[in-house]
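User: Please take a close look at how one pair of helices packs in this model, and then carry the description on to one of its sheets. I would like each term explained as you go.

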Amino acid sequence: MAVAETQLYAKVANKHRRKSTSVLLESLLAKGFPAHIAQKALAATGQKTIEDAAKWLHSHCNDPSLEDPIPQEYALYLCPTGRLHDHLQEFWKESKRQCGKNRAHEIFPHITLCDFFTCEDQKVELLYDTLKRVGDSFSQCFPPSISLSLHSSTSYLGFFIGDSHANILKEFALAFSSEASAQAAQMLRHVTESISCAYCHVKPCLKQLHLTLAHKFYPHHQKTLEELAKCINPGESCQWVAALYSRDMRFVHYQTLRALFQYKPQNIDELMINAGDFVYVDPTQQSDVSEGWVIGTSHRTGCRGFIPENYTERASESDTWVKHREYVFVTASRLFTQTENEPNVKLNGEVHNPSMSRSVTNVLSLQNATLRRGVLVMRHGERVDQVFGKSWLQQCLTADGKYYRADLNFPSTLPKRKDSMKNFECDPPLSSCGVFQSRLIGEALLDQGVTVSYVYSSPALRCIQTAQHILQGLKLDQKVKIRVEPGLFEWTKWEVSRVIPKFMDVTELAEASYKIDTSYRGNFPLSSLVPSESYEEYVSRSSAVIKQIITACPSKGVILIVGHGSSLASFTRPLLGLPARDSSNFAQGVRKIPSLGMCFCEELKEENKWQMVNPPVKTLTHGANAAFNWRNGIVED
């Protein structure tokens, strides 16, 4: 009786509830869309509803690739549901929070049955039919539970599938690939008019089947990830689903960004985006793009253009994938499982498992108990030449050489210095917005109860001013003094003048009311900075300076380091025990760091190591505000 009920339930669960593709296609054709365009829209939206396809067509009306005969890529995954899925999602969230994003976070929990293959739009329905038929034929022999054993190495963590169960899954994948390929070949023989009808070759995964938990992570995170993985009970109740997904094959090696805010183009080469839009960005095409911008292609519209980078965040690769069809494997043991044994509750709309959370909380409490010191590395605020260009000083000098404020975003005054005012050109101050940014960050740190015990700054005026205004926001400007460390200056090769800027000395800075620790002697004398130093010299300098700072600050609390865009990687990677990045990758990463961009490391003293965690405050995002002449468009035509 149980077997009969299981068969009946499986038939109901996997019954096609959507309209057939032919009906959807006919509806689009009746609206006047060409057949190949209609098929493309259906394939891009999972062939679900006429409304989805019509919306896609409307959004892509200006897509330059709309007529291109480029098919989607498809993959067949076996995905867990139920309590096991909830535990895996909790692991995903905690591993990302504690150890940062690794390759596994790009995709949801799954076992790969057939890796990505191409299939022309008019043949996709064959894949649906094949999945249904092969699923039905394997429904009785599909295991009631799948044996999972934890496997760990320095770059991989995941569950390996037991041999007996893996063999069944491989047979299922092989049957799907063989029948799908045969069906596509048969269709090809019946097609006489199209010369572009390519053969659909589906390749099953016949190697060691696995469910990846973490991949390509830093070796020093292995222990933490293993502890989190041990909280997952692989024997938890689970209903397995074979799901067919697709992706746009043109953007496989691109980065995927998610828009945080709407952006309306102000120039013809800019891209319109709405909050929540996805944008594909090719990292190899960004070297010539202006700082703070990226060029990409909208997933929603197919159009290409420039967007402000700080309007976006990194998304996961699978966020743009489309689920087409799925086959639910229903077993007798699953059918009669007591639901009261699955105490999942919803917190803030997310499925939450109490037992998993308690386990993870225990791991977190053990780790938090060992935290001692923190290092907050931050880029300076907006510099005045970033807004007004390298010739900013010429815009603010009268005929007799006196400074005046030509725009409200220029500083109200410039500090007095012994030498020529012209030296401000190579050592520019913050803009008025830069001052506001810095004060705002300090106030946010105060709100979060962050205790800053030491402050180090690059000798660049913009960094010292940033540190000063952060301390004012923290209400610590009368308690903590700034230690000016020449070794924190950026890579000297990037200096346009090819010489080391002439900085204000500590006496001048103190006389200008900056809270400077005049008794501090830098670890790296200013005279030791070499113009146009090699990347290796810069990396060596940075590594030595951060280690000396850590040694000089033994007490608890946060060490605030205010430096440059290059500082975030240069001073944290040595702490984490990571090698320096390649110089080209390093430069590409630095250009993405905005004003007041920051990262935070915490010490695990008992384990004699540091780990990177979320900064104590949120990022600061704002848009551009162009200069305005009231005559243009108001008085004059």
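Analyst: **A helix crossing and an open sheet**

Helix α15 (residues 535-552) and helix α16 (residues 567-576) cross at roughly 65°, and their axes come within 9 Å of each other. The model is predicted, with local features requiring pLDDT of at least 70 and side-chain atom pairs counted only at pLDDT 80 or more, while totals for chains, interfaces and linings use all residues. Residues are numbered from 1 along each chain as its sequence is written, and side-chain values use heavy atoms, with hydrogens and water left out.

Two packed helices are described by the angle between their axes and the distance between the axes. Axes here are lines fitted to C-alpha atoms, for helices over the stretch in contact, with angles from 0 to 180 degrees between N-to-C directions; helices (H or I, at least four residues) and strands (E, at least two) are DSSP runs numbered from the N terminus. The crossing of α15 and α16 is right-handed, that is, the near helix is turned clockwise from the far one by less than a right angle.

On the α15 side, Tyr538, Ser542, Ser543, Ile546 and Ile550 make the contact, and on the α16 side Ser567, Ser570, Phe571, Pro574 and Leu575 do, where contact means heavy atoms within 4.5 Å. By class this contact has 6 nonpolar and 4 polar residues but no charged ones, with Ala, Val, Leu, Ile, Met, Phe, Trp, Tyr, Cys and Pro counted as nonpolar, Asp, Glu, Lys and Arg as charged, and the others, Gly among them, as polar.

Turning to the strands, an open sheet of 5 strands follows the order β10-β9-β8-β7-β11 with antiparallel pairing, two strands being paired if DSSP finds at least two bridges between them. Its edge strands, β10 (304-308) and β11 (312-314), each pair on one side only, and neighbouring strands of the sheet are turned by 45° against each other on average, direction ignored.

Within this sheet, strand β7 (residues 255-259) runs antiparallel to strand β8 (residues 278-281) and is joined to it by 4 bridges, Leu257 having Val279 of β8 as its bridge partner. Strand β9 (residues 293-298) pairs with β10 in the antiparallel sense over 5 bridges, and Trp293 stands opposite Pro308 in β10. β9 and β10 form a hairpin with 5 residues between them, and in its turn Gly302 has a positive phi of about 80°.
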